[in-house]
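Me: I should like to learn how to read a protein model feature by feature. Could we take the general idea each time, and then the case at hand?

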Amino acid sequence: MDTTQLLKGVLDLAVLAALRDEDGYGYDILRRLRATGLQDVGDASVYGTLRRLFSGGFLNTYVVPSDEGPHRKYYALNAAGRAELERNGKTWREFASTMNDLLGDRGTA
């Protein structure tokens, strides 16, 4: 199965979840996603998702100066983002449960 297609449908949820406990800048968020096993996530996809979630009112941003290079734009979940994470997380868990039920415990197709 092509995981890139699955990832397109859940990238917003994945990014919100990556920001649940700690604010982060673009590359840091990308690194977090890849560290959890989402190796196929692309740089441009994450940056586009961050811009879309910010424009949608789910994230706040702030800039942190850096002595070692350009300033970093950090993203933080706001109240609307936390509510969206909860809503979409519930939807994902219900969908995953349905798929698990369909697939059963057989482990093979």
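Me: How many bridges join strand 1 to strand 3, and in which direction do the two strands run, parallel or antiparallel?

Reply: Please note at the outset that this is a predicted model. As a general idea, strands of a sheet pair through backbone hydrogen bonds, in either a parallel or an antiparallel manner. Here strand 1 and strand 3 (residues 72-77) are joined by two bridges and run antiparallel. One of the positions to inspect is Gly 24, whose bridge partner in strand 3 is Tyr 75.

Me: How many bridges join strand 2 to strand 3?

Reply: Strand 2 and strand 3 are joined by six bridges, and they too run antiparallel. Tyr 75 in strand 3 has Thr 61 standing opposite.

Me: What is the order of the strands in the sheet?

Reply: The three strands form an open sheet in the order 1-3-2, with antiparallel pairing. Strand 1 (24-25) and strand 2 (59-64) each have a single partner strand and stand at the edges, so one side of each has no neighbour in the sheet.

Me: How do the sheet and the helices follow one another along the chain, and which elements does helix 3 lie across?

Reply: The protein chain holds four helices and three strands. Read from the N terminus, its elements run α-β-α-α-β-β-α. Helix 3 (residues 43-55) lies across strand 2 and strand 3, and runs at about 115 degrees to strand 2.

Me: Let us turn to burial. Which residues of helix 2 are buried, and what covers them?

Reply: A residue counts as buried when its relative accessible area is under 20%. In helix 2 (residues 26-35), the buried residues are Gly 26, Asp 28, Ile 29, Leu 30, Arg 32 and Leu 33. Their cover includes helix 1, strand 1, helix 3 and strand 3. Just after helix 2 comes Gly 37, with a positive phi of about 115 degrees. For the chain as a whole, buried residues make up 30% of the 109 residues.

Me: Is Leu 7 buried or exposed, and with which residues is it in contact beyond its neighbours in sequence?

Reply: Leu 7, in helix 1 (residues 3-18), has a relative accessible area of 11% and is therefore buried. Leaving aside neighbours within four places in sequence, Leu 7 is in contact with Leu 38, Asp 40 and Val 41. Leu 7 and Leu 38 are 31 residues apart along the chain, yet their C-alpha atoms are separated by 8.2 Å. Across the chain, among contacts between residues at least 6 apart in sequence, 45% join residues at least 24 apart.

Me: How many salt bridges does a search of the whole structure find?

Reply: Side chains of opposite charge can pair when their charged atoms come close. The search finds six salt bridges in the whole structure. One of them joins the side chains of Arg 34 and Asp 43, at 3.0 Å from N to O. Arg 34 is partly exposed, with a relative accessible area of 27%, and Asp 43 is also partly exposed, at 39%. Asp 28, Arg 31 and Arg 32 are linked in a network of salt bridges.

Me: Which salt bridges have both residues in helix 4?

Reply: An α-helix has 3.6 residues a turn, so residues three or four places apart point the same way. Among the pairs in helix 4 are Glu 84 and Arg 87, three residues apart, whose side chains meet in a salt bridge of 2.6 Å, N to O. Glu 84 is buried at 17% relative accessible area, whereas Arg 87 is partly exposed at 47%. Lys 90 and Glu 94 also lie in helix 4, four residues apart, or about one turn of the helix. In their salt bridge the closest N and O atoms are 3.0 Å apart. Glu 94 is partly exposed, with a relative accessible area of 43%.

Me: Finally, which residues make the nonpolar surface patch?

Reply: The patch, of about 520 Å², is made by Trp 92, Phe 95, Met 99, Leu 102 and Leu 103. Phe 95 lies in helix 4 (residues 79-103) and is partly exposed, with a relative accessible area of 47%. The protein chain exposes about 7500 Å², of which carbon and sulfur atoms supply 53%.

Notes:
Residues numbered from 1 in each chain as written. Predicted model: local features only at pLDDT ≥ 70, side-chain atom pairs only at ≥ 80, totals over all residues. Heavy atoms only, no water. Patch = residues over 30% accessible without salt bridge, like charges linked within 9 Å, V, L, I, M, F, W, Y side chains within 5 Å. Areas by Shrake-Rupley, 256 points an atom, 1.4 Å probe, with all protein chains shown as cover. Salt bridge = Lys/Arg side-chain N within 4 Å of Asp/Glu carboxyl O. Buried < 20%, exposed > 50% of the residue type's maximum accessible area, 1.4 Å probe, protein only. Pairing = 2+ DSSP bridges. Contact = heavy atoms within 4.5 Å. Axes fitted to C-alpha atoms, helices over the stretch in contact; angles between N-to-C directions.
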